[in-house]
Amino acid sequence: MTQCLMINLRKERIVVRIMDTATQKDVLDTLRKKLPELKRLYQKANTPIFITGKILKNKEIAEIQNLIKESIDVQIDFDSPKVLGLHGIKRTYHQEIKNSETKFYKGSLRSGQRMEFEGSLVIIGDVNSGAEVIASENVIVVGNLRGVAHAGAKGNKEAIIAAERIDAPQVRISNKVKELEKEDDEYNIAKTYVYIDSEKDEIIVE
């Protein structure tokens, strides 16, 4: 069994990072073996546990949480949507999102692929590094956004970009471009939402 998770003490929390390729069985088996290590870190630092990395299903989140809480009474936070799919993208948007013609694409986009649409685009899958998605209105990715997304391509500054996880080199809305650089702390909570702040007239990623 290859390494499927890592445990680190960072700042004011214990970080458990699950590898994207890890199976749930491997994760649970490894956690059982590493519970003594988690206990030691918790006793010394008295800090919450933050679980990040792989996007988990509701059942997987519950199984991991229950396993840890059997041994440690500790606050556990997950860097993972509570609900996957379209219902997982629930935000209180900073501006009203106007209705537009929408195209749904089922499947992931590979490097080198480019998709354009006059309206809003919903990708039910991942947009991988090297792929590009362009829409005159909104871009929604029900998966990971690692490629380039351009919403409001014809000048709509009220357009938004939303994904379950944004790990792209840059994002674009209307004529605004924002380069995204990985921060030193790789365990920060994933970004999921991009919009233009109308007062500052700049792209915000959160």
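In the hairpin formed by β1 and β2, where two residues lie between the strands, K11 takes a positive phi near 50 degrees in this predicted model. Most residues other than glycine have a negative phi. The two strands of this hairpin, β1 (residues 5-10) and β2 (residues 13-18), run antiparallel and are joined by six bridges. Within this pairing, I7 has V16 of β2 as its bridge partner.

On the pairing of β2 with a further strand, the model shows β2 joined to β3 (residues 49-53) by five bridges, and here the two strands run parallel. One pair of partners in this arrangement is I14 and I49, the latter being a residue of β3. Strands of a sheet pair through backbone hydrogen bonds, and such pairing can be either parallel or antiparallel. A contact between side chains also involves R13 and F50, in that the charged end of R13 sits over the ring of F50, at 4.0 Å from the centre of that ring.

Five strands make up an open sheet with mixed pairing, and their order is β6-β8-β10-β12-β13. The edges of this sheet are formed by β6 (114-117) and β13, each of which pairs on one side only. On average, and with direction ignored, neighbouring strands in this sheet are turned by 10 degrees against each other. Inside the sheet, β10 (residues 148-151) and β12 run parallel and are connected by three bridges, and H150 is found opposite R172 of β12.

The loop between β12 (170-173) and β13 (176-179) contains S174, a residue other than glycine whose phi is nevertheless positive, near 55 degrees. Is S174 buried or exposed? The relative accessibility of S174 is 11%, and because a residue counts as buried when this value is under 20%, S174 is classed as buried.

Another open sheet with mixed pairing contains six strands, in the order β5-β7-β9-β11-β14-β15. Its edge strands are β5 (102-106) and β15, and each of these pairs on one side only. Neighbouring strands of this six-stranded sheet are turned against each other by 20 degrees on average, again with direction ignored. At the β5 edge, five bridges link β5 to β7 (residues 120-124), and these two strands run parallel. In this pairing T102 stands opposite S120 of β7. In a regular strand the side chains alternate between the two faces of the sheet.

A positive phi is also found at D201, again a residue other than glycine, with a value near 55 degrees. The position of D201 is in the loop that lies between β14 (191-197) and β15 (202-205). With a relative accessible area of 31%, D201 is partly exposed, since this value lies between the limits of 20% for buried and 50% for exposed residues.

Finally, the aromatic rings were examined, and the structure was found to hold one aromatic pair. How are the rings of Y193 and Y195 arranged? Their centres are 5.3 Å apart and their planes meet at 25 degrees, so the pair is stacked, because planes under 30 degrees apart count as stacked. Both Y193 and Y195 are buried.

Key
Residues numbered from 1 in each chain as written. Predicted model: local features only at pLDDT ≥ 70, side-chain atom pairs only at ≥ 80, totals over all residues. Heavy atoms only, no water. Pairing = 2+ DSSP bridges. Helix = DSSP H or I, 4+ residues; strand = E, 2+ residues; numbered from the N terminus. Buried < 20%, exposed > 50% of the residue type's maximum accessible area, 1.4 Å probe, protein only. Axes fitted to C-alpha atoms, helices over the stretch in contact; angles between N-to-C directions. Phe/Tyr/Trp six-rings, centres within 6.5 Å; stacked < 30°, edge-to-face > 60°. Lys NZ or Arg CZ within 6 Å of the ring centre and 35° of its normal.
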